[in-house]
Amino acid sequence: MFPDEGMEEEAVLKELRKKTSEDLTFDSGKILGSMCTYPHSLAIRIVGEYIDRNLGDPGLHVGSQKVEMEAVQMLSNLLGLERGYGNIVSGGTEANIMAVRAFRNVSSVEKPELVLPESAHFSFLKASEMLGVKLVWAKLREDYSVDVRDVEDKITDSTIGIVGIAGTTGLGVVDDIPALSDLALDYGVPLHVDAAFGGFVIPFARALGYELPDFDFRLRGVKSVTIDPHKMGMVPIPAGGIIFREKRFVEAISVPAPYLAGGKVWQATITGTRPGANALAVWAMIKHLGFEGYKGIVGRAMEVSRWFANELKKIPGVYLIREPVLNIVSFGTKNLEGVEEELKRRGWGISAHRGYIRIVMMPHVKREHLEEFLRDLQEIVAGVNP
Ligand code: 0PR
């Protein structure tokens, strides 16, 4: 009910604390299935300081808009582009919708179709429904990467683009983006890479010596990339990233906003009024951590993942779905549903996918938390009925 009279600030806070005490927190070490983490303290400071900035009216916040564009440039550089076009947006969902919208709008197809892996994130379902683009699913291979031959088979005259995933939601698998890029060039269709998760992992893991294929604008068929700072980028929610290789894609999705403070401006994002603070935090984190800083974060996460995967193998009744590629480890057990239920009852914030449990080695996930989890898991799996 909407209250007649207001409450004291302290009383409001007290009530809120009580209500949110049911939430799991990252510092508890119990959240193992999330792609988000506790943001970096500098990013939190920046969001607090610049909470009033609105990139939906860049004429008012000219400086912030320039910073957003600098952040877009730095992300473009990380992804192998000297100059890119795009925005810091609300997350991977908005970024993917913008990419599909751009591909649809630059094409002149009557019944647009998008070919994408069966492992694609559900944000493409929203894009499909909103944009009237039919999704054509390509099969996965045994290693859970997309079957490039099947992608080729599914390309038709109605195809507006294809999608590859660099760090799948469930398993962290990186598709064969070089082969998809070749295919895209052969058939003259744009390739979108969903690196919402992998974008802030793969470049650093490669620099550390992990063998991972090219996945970004270094491949000429790649026309757009989703890369989310609110996942491994250490920036508070909401902070996603969409980068396009060419300006024409952004132009194809821009609408005029004629009455704003900056005069007639063009808006490509799905959201209108949108947080400047988070875009500034993206810029600040990249400046503060630099390539070396992110490399350190990713290196620790990758090491913990390999260790954890090996520990899982030692538990009878537990099996890996596949060897980890990035810092995501997914496993199955006998009586999976029973195990999931009991893990949740014991307070573990796991991500229960169809057929397996996903653990994401985010920076807040420490070895001691995983040791405790492994003890619980072993006990539960030994106890449940086969
Ligand atoms: N693309 C990929 C590959 C993703 O994994 C995700 C989100 C998205 C796009 C969409 O991004 P946004 O959620 O930012 O719009 N993947 C996570 C997932 O579904 C999102 C998430 C994050 C879920 C934290 C739970 C959680 O606690 O697992």
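Asn335 is partly exposed, with a relative accessible area of 35%, in what is a predicted model. The residue sits in the loop that runs between β11 (328-333) and α11 (336-345), and its phi is near 45°, a positive value in a residue other than glycine. A second residue of this kind is Tyr144, whose phi, near 75°, is likewise positive although the residue is not glycine. Tyr144 belongs to the loop between β3 (134-138) and α6, and with a relative accessibility of 31% it counts as partly exposed. Another backbone feature involves Ile237 and Pro238, which are joined by a cis peptide bond with omega at about 0°; Pro238 is placed in the loop between β6 (222-226) and β7 (240-244).

**Strands**

Strand β11, which precedes the loop of Asn335, contains Phe331. Phe331 is buried, its relative accessible area being 0%, and its C-alpha lies 8.6 Å from that of Gly355, although the two residues are 24 apart in sequence.

Which residues of strand β5 lie on one side and which on the other? Leu191 and Val193 are on one side of this strand (residues 191-194), while His192 and Asp194 are on the other, and because all of them are buried, with under 20% relative accessible area as the limit for that word, both faces of β5 are covered. Strand β4 (residues 159-165) runs parallel to β5, and four bridges join the two. Within this pairing, Ile165 stands opposite Asp194 of β5, and Asp194 is thus named both in the pairing and among the buried residues of the strand.

**Salt bridges**

Side chains of opposite charge can pair when their charged atoms come close. How many salt bridges does a search of the whole structure find? The search finds 19 salt bridges, and the table gives some examples, each with the distance between nitrogen and oxygen.

| Pair | N to O distance |
|---|---|
| Glu246 and Lys223 | 3.8 Å |
| Lys314 and Glu311 | 2.8 Å |
| Arg346 and Asp376 | 3.0 Å |

For the pair of Glu246 and Lys223, the closest N and O atoms are 3.8 Å apart. Glu246 lies in the loop between β7 and α9 (247-251) whereas Lys223 lies in strand β6, so this salt bridge ties together parts that are 23 residues apart in sequence. Glu246 is partly exposed, with a relative accessible area of 25%, while Lys223, at 15% relative accessibility, counts as buried.

In the bridge between Lys314 and Glu311, formed by their side chains at 2.8 Å from N to O, Lys314 counts as exposed at 57% relative accessibility, and Glu311, at 21%, counts as partly exposed.

The bridge between Arg346 and Asp376 has its closest N and O atoms 3.0 Å apart. Because Arg346 is located in the loop between α11 and β12 (351-353) and Asp376 in helix α12 (residues 367-383), the pair ties together parts that are 30 residues apart in sequence. Arg346 is partly exposed, having a relative accessible area of 25%, and Asp376 counts as buried with a relative accessibility of 15%. Both residues also take part in a network of salt bridges, in which Arg346 and Asp376 are linked with Glu342, Arg345 and Glu379.

**Surface patches**

What kind of charge gathers in the surface patch that includes Glu152 and Asp186? The charge is negative, and the patch is made up of Glu152, Asp153, Asp176, Asp182 and Asp186. Helices α6 (148-154) and α7 (177-187) each supply at least two of the residues in this negative patch. Asp186 has its place in helix α7, and because its relative accessibility is 64%, with exposed meaning over 50%, Asp186 counts as exposed.

A nonpolar patch is also found on the surface, where Phe122, Leu125 and Trp137 together have about 310 Å² of accessible area. Trp137 has its place in strand β3, and at 31% relative accessibility this residue counts as partly exposed.

Conventions
Residues numbered from 1 in each chain as written. Predicted model: local features only at pLDDT ≥ 70, side-chain atom pairs only at ≥ 80, totals over all residues. Heavy atoms only, no water. Patch = residues over 30% accessible without salt bridge, like charges linked within 9 Å, V, L, I, M, F, W, Y side chains within 5 Å. Areas by Shrake-Rupley, 256 points an atom, 1.4 Å probe, with all protein chains shown as cover. Salt bridge = Lys/Arg side-chain N within 4 Å of Asp/Glu carboxyl O. Lys, Arg positive; Asp, Glu negative; His and termini not counted. Charge placed at Lys NZ, Arg CZ, Asp CG, Glu CD. Buried < 20%, exposed > 50% of the residue type's maximum accessible area, 1.4 Å probe, protein only. Pairing = 2+ DSSP bridges.
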